[in-house]
Amino acid sequence: MKQKNSKSIHVLIACGGTGGHLFPGIAVGEVLASRGHEVTLLISEKKIDTLAASGHPELRFEKMPFLAMPKPWSPKMFGFLKGLWQGTKACRKIIHDRGVDVVLGMGGFTSFAPLYAGRKEGCRTLIHESNAIPGKANKLNARYSDIVLCGLEACKEHFPKHGDVRVVGTPIRSSMRKQNNDDPNAFFKLDKDKRTLLIMGGSQGARGVNRAVGTALEQFEKMGIQVLHIAGPTDYEEVRDVYAKIPMLKQHVAAFCHRMDLAYRVADLAIARSGASSMSELAYFGVPSLLVPYPFAAEDHQTRNAEIFDQAGAAKLMKESELNADTLADAVRSVFNDPRKAGEMKKAAQKLAVKNSAEKIADLLVKAVQD
């Protein structure tokens with residue numbers, strides 16, 4: 001039930017396009033709604049956005065036909081500019097009609113139109129950059145933002161000309177943080193006596209990880225471990241068919257997981273992309289990880305993200321180009337066969353967690369309006 005709040009505000013959160021933008025945006029929206037504030041979340045028309053939104057019926061979502069910015073001389077530029085104009089117009093209408101007080105952009109070009117529209121309508125504006133290296137979009141978005149919020153300390157140096165930059169961590173959804181007695185092994189039909197390897201392909205660019213893992217399944221089976229593999233909607237059938245060929249390996253393969261809190265709780269080790277949102281969750285739950293940066297990520301930011309965890313001792317960075325059955329199996333074996341190493345990685349991950357990030361951001365949004 002919402003708490004009563006005599007000074008409630010209306011917040012527009014632009015968070016569509018990728019899980020790295022979407023889930024932290026939802027986390028902030030949940031905190032604001034629980035405090036009695038009005039929240040509208042703008043998402044894209046991608047399947048990942050629709051799936052995630054379906055798990056949060058208590059929040060108000062609006063779909064926008066956002067497009068990624070093409071190269072300057074691309075023939076797609078006309079369509080992008082047309083979409084940007086239409087998106088800005090639609091955002092201004094939402095802001096005006098609903099009495100929005102402040103706009104929060106969670107990153108990417110999907111945030112530009114809402115932020116620009118917010119400025120035009122006299123709203124306070126903020127952006128959040130969860131990665132160690134901001135993309136071109138957020139460098140542009142910063143020009144239309146009163147406050148820049150960073151998930152990692154290393155990000156601050158990339159906004160030297162902005163007068164108000166703050167490090168707040170990257171938000172974790174409330175469903176992840178709730179205490180419950182649910183048995184994760186029972187939920188995923190796994191063996192409580194086996195060590196569990198969690199595979200997270202990610203909301204985009206998952207194919208390289210999914211296929212590399214597929215080559216190592218026979219070695220995982222020989223180790224006596226079990227695997228929980230979140231493959232993503234696009235690769236699910238292909239991944240499922242590969243696992244079907246190794247029936248002796250205890251396994252649970254899914255396209256999407258609405259109970260990632262249980263997935264992290266059951267995991268002894270994770271193989272994942274190094275998107276900031278996933279890394280924040282790994283840190284929160286103290287899961288040792290093998291991080292495989294998406295090689296085509298803007299500004300190669302996933303590599304820098306992974307380096308921070310690798311240097312802290314929380315993870316091992318592995319390049320996708322070097323992945324094969326033997327390198328993956330060796331890396332997994334080195335953690336599972338060394339409990340001391342696994343324990344040290346767990347503690348290092350927990351030290352990197354910012355557990356009240358969503359609350360910090362919610363506080364700043366309210367303060368920005370009241371100041």
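**Exercise 1. Find the residue that stands opposite Gly 105 in strand S5, then place this pair in its sheet.**

*Solution.* Step 1: In this predicted model, look across from Gly 105 to S5, and you meet Ile 127.

Step 2: Now widen the view to the two strands. S4 covers residues 102-105 and S5 covers residues 124-129; they pair in the parallel sense over four bridges.

Step 3: Zoom out once more. The strands belong to an open sheet of seven, in the order S3-S2-S1-S4-S5-S6-S7, with parallel pairing. Strand S3 (60-63) and strand S7 (165-167) each have a single partner strand, so one side of each has no neighbour in the sheet. From one strand to the next, the twist averages 20°.

Step 4: Add the helices. Helix H1 (residues 19-34) packs on this sheet and touches S1, S2, S3 and S4, with its direction at about 165° to that of S2. Helix H16 (residues 357-370) also packs on the sheet, touching S1, S4, S5, S6 and S7, and its direction makes about 160° with that of S5.

**Exercise 2. Work out which residue faces Leu 291 in S13, and describe the sheet around the two.**

*Solution.* Step 1: Opposite Leu 291 you will find Leu 317.

Step 2: Strand S12 (residues 289-291) pairs with S13 in the parallel sense, over three bridges.

Step 3: The open sheet here has six strands in the order S10-S9-S8-S11-S12-S13, with parallel pairing. Its edges are strand S10 (251-254) and strand S13 (315-317), each pairing on one side only.

Step 4: Helix H12 lies across S8, S11 and S12, running at about 165° to S12.

**Exercise 3. Decide whether Ser 280 is buried or exposed.**

*Solution.* Step 1: Locate Ser 280, which sits in helix H12.

Step 2: Compare its relative accessibility, 17%, with the cut-off: buried means under 20%, so Ser 280 counts as buried.

Step 3: Check its contacts. Leaving aside residues up to four places away in sequence, Ser 280 touches Thr 170 and Ile 172.

**Exercise 4. Name residues that touch the most other members of the largest nonpolar core, and follow one of them.**

*Solution.* Step 1: Recall that in soluble globular proteins, nonpolar side chains tend to be buried together.

Step 2: The largest core has 34 residues, and those touching the most other members include Leu 198, Leu 228, Tyr 264 and Leu 291.

Step 3: Follow Leu 198. Beyond four places in sequence, its contacts include Leu 228, Ile 230, Tyr 264 and Ile 271.

Step 4: Finally, look for a second, separate core: it has 33 residues, including Cys 15, Ile 43, Phe 61 and Leu 365.

Notes
Residues are numbered from 1 along each chain as its sequence is written. This is a predicted model: local features need pLDDT of at least 70, side-chain atom pairs count only at pLDDT 80 or more; totals for chains, interfaces and linings use all residues. Side-chain values use heavy atoms; hydrogens and water are left out. Two strands pair if DSSP finds at least two bridges between them. Axes are lines fitted to C-alpha atoms, for helices over the stretch in contact, and angles run from 0 to 180 degrees between N-to-C directions. Contact means heavy atoms within 4.5 Å. A nonpolar core is a set of buried Ala, Val, Leu, Ile, Met, Phe, Trp, Tyr and Cys residues joined through side-chain atoms within 4.5 Å. Buried means under 20% relative accessible area, exposed over 50%, partly exposed in between (1.4 Å probe, protein chains only).
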